[in-house]
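The following paragraphs are intended to be read beside the sequence and the coordinates. Please keep both in view while following the account.

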Amino acid sequence: MMVTEEKNFPADTCLRIFTLGRFEVYRNGIQLSERASRSSRVWDLFKYLLTYRDRSSTPEAIIETLWPQHNYADMRKALRTPIYRLRQILQNDSDEQYILFSQGCYIWNNQAHYWLDTDEFENLIKKAQTSEADPETLIDLYLRAINLYHGEYLPENLYADWTITQRNYYRRLFLEAVDALAGLYKAQQRHHEIINLCEKAIALEPFEEILHNHYLESLINTGRHKQAKEHYQQITQLFYTELGVKPSPKLQQLYRQLQNKTGQQQLEEQPLDAAFYCTPEIFASICNLERRRGERTKQPAVISKLTLAAENTHLLSAGLADNVVEILLKILRKGDVVTKNSNDRLQILFSNLDLKQAKIVTSRIKKQLQQQMPPGCQIDIETELLSAKS
């Protein structure tokens with residue numbers, strides 16, 4: 001029967017299989033898969049049978065899935081050799097039958113003596129999700145499961161179609177486990193544990209916003225504001241560069257919370273569908289992305305540069321630019337991007353406007369801003385197509 005716990009490689013005949021983040025097979029403390037690269041066809045066959053261990057597969061289905069580029073005259077005969085070699089490797093010094101043949105089909109023997117990390121991983125999470133145990137017991141279950149997840153399922157076969165469904169399934173279970181464990185920690189105000197948990201999870205899944213939400217929230221709650229700001233800037237730039245998307249409303253909300261905590265900029269709470277305010281570094285990344293997109297679509301974006309001037313320079317240092325940002329976020333559209341370069345310079349990146357339309361819009365913006373400026377203050381706006389020099 002299946003072994004339910006890993007026992008740190010005891011000297012027994014149990015076949016121990018690791019598939020999350022790496023592929024390794026052990027028995028009696030010896031790694032059988034150490035030379036997997038030299039027998040890739042045999043081990044791909046092993047992985048396939050293991051992945052579909054709850055169903056039978058015909059030789060034709062196996063070959064057409066694993067080696068579609070080969071045109072075998074007799075697929076059943078062609079599969080016998082790798083099946084024989086695989087059995088020899090697995091059954092050496094053991095009476096176990098891991099691969100069964102019945103009614104013209106091959107199937108993994110689920111009654112054999114083996115331990116599989118994905119089964120243990122799945123069982124621990126399902127036990128935690130359905131248990132009514134105390135929080136500490138649930139935390140232990142989730143931790144044990146998360147510690148088994150070292151990365152994607154069978155990473156050596158990342159682009160094989162037959163691994164996609166299982167890979168996505170285990171990835172989803174991992175994210176659910178991290179989210180649930182972070183919630184348990186949060187209920188106990190254990191923010192340092194959340195930070196450690198999320199740092200490890202983000203290293204494996206850098207584009208999952210739910211992990212960044214937990215991470216940023218805990219950094220803020222523990223007073224690590226500088227680290228939180230740096231992390232927000234890094235992930236925002238990463239999302240724009242790699243995915244071409246803005247941070248979620250939840251991330252933007254956390255950033256506004258961070259700004260209010262640090263007193264760096266007292267922006268009013270803005271609607272979640274408002275324009276996006278970001279740092280100059282992130283703004284530059286967005287401009288680079290829009291510049292490349294414009295080269296491809298032949299529809300360049302438009303950028304406006306705002307310059308503030310005041311008879312009394314004290315007005316500039318007292319937050320005039322911050323007030324201008326607040327006004328812009330109220331009157332600009334969702335999709336527009338705003339940044340403050342200094343106390344007297346701001347920039348707007350417009351979306352889905354041509355130069356003529358943008359100049360009409362900026363003329364209205366200038367009029368609205370000027371009406372709300374303190375006496376002795378002026379604003380100048382230059383609008384142009386986004387180019388390599390912008």
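**Helices, cores and loops**

At 52% relative accessibility, Lys 127 counts as exposed, where exposed means over 50% relative accessible area, buried under 20%, and partly exposed in between (1.4 Å probe, protein chains only). The model is a predicted one, in which local features need pLDDT of at least 70, side-chain atom pairs count only at pLDDT 80 or more, and totals for chains, interfaces and linings use all residues. Residues are numbered from 1 along each chain as its sequence is written, and side-chain values use heavy atoms, with hydrogens and water left out.

Lys 127 belongs to helix α4; helices (H or I, at least four residues) and strands (E, at least two) are DSSP runs, numbered from the N terminus. The C-alpha atom of Lys 127 is separated by 8.6 Å from that of Leu 138, 11 residues apart along the chain. Helix α4 (residues 117-130) also holds Glu 122. Is Glu 122 buried or exposed? With a relative accessibility of 13%, Glu 122 counts as buried. Leaving aside residues up to four places away in sequence, Glu 122 touches Tyr 169 and Leu 173, a contact being heavy atoms within 4.5 Å.

The interior may be considered next. In soluble globular proteins, nonpolar side chains tend to be buried together. A nonpolar core is here a set of buried Ala, Val, Leu, Ile, Met, Phe, Trp, Tyr and Cys residues joined through side-chain atoms within 4.5 Å. The largest such core has 90 residues, and those with the most contacts inside it are Ile 17, Phe 46, Leu 90, Trp 108, Phe 121 and Leu 349. Helix α6 (residues 161-187) gives the most to this core, contributing 11 residues. Ile 17 has an extensive list of partners: beyond residues up to four places away in sequence, it touches Glu 24, Val 25, Phe 46, Leu 50, Trp 108, Tyr 114, Trp 115, Leu 116 and Asp 117. Another core, of 27 residues, lies apart from the largest one and has Leu 308, Ala 310, Leu 328 and Leu 346 among its members.

Helix α14 shows a division between two faces. It spans residues 355-371, has 17 residues and reaches 24 Å from its first C-alpha to its last, close to the 24 Å expected at 1.5 Å a residue; the expected span is 1.5 Å times one less than the number of residues. Ala 358, Thr 362, Ile 365 and Leu 369 are buried in α14. These four lie on the same side of α14 because they cover an arc of only 60° around the axis, the arc being that of the directions from the helix axis to the C-beta atoms. The buried residues of α14 pack against β8 (302-310), α13 (320-331), β10 (345-350) and β11 (377-385). Turned away from that buried side is a face carrying the exposed residues Lys 356, Arg 364, Lys 367 and Gln 371. At the start of the helix, a side-chain oxygen of Asp 354 comes to within 3.3 Å of the backbone nitrogen of Lys 356.

Several loops deserve attention. Asn 109 sits in the loop between β5 (105-108) and β6 (114-116) and counts as buried, at 14% relative accessibility. The side chain of Asn 109 reaches the backbone nitrogen of Gln 111 at 3.0 Å. Not counting residues up to four places away in sequence, Asn 109 touches Gln 97, Tyr 98, Leu 100 and Tyr 114.

The loop between α11 (280-297) and β8 contains Ala 301, which is buried, with a relative accessible area of 8%. Outside residues up to four places away in sequence, Ala 301 touches Glu 290, Leu 349, Phe 350, Glu 384, Leu 385 and Leu 386. Lys 298 is found in the loop between α11 and β8 but is exposed, with a relative accessible area of 67%.

Most residues other than glycine have a negative phi, and most peptide bonds are trans. Phi of Lys 298, however, is near 65°, a positive value. Asn 352, in the loop between β10 and α14, likewise has a positive phi, near 60°, and is exposed, with a relative accessible area of 75%.

Finally, how many disulfides does the structure hold? It holds 0, a disulfide being a pair of cysteine sulfur atoms within 2.5 Å. Among the cysteines, Cys 105 counts as buried at 15% relative accessibility, and Cys 198 is buried, with a relative accessible area of 0%.

Notes
A polar contact is a pair of N or O atoms within 3.5 Å; within protein, one must be able to donate a hydrogen and the other to accept it, and residues adjacent in sequence count only if both atoms are side-chain atoms.
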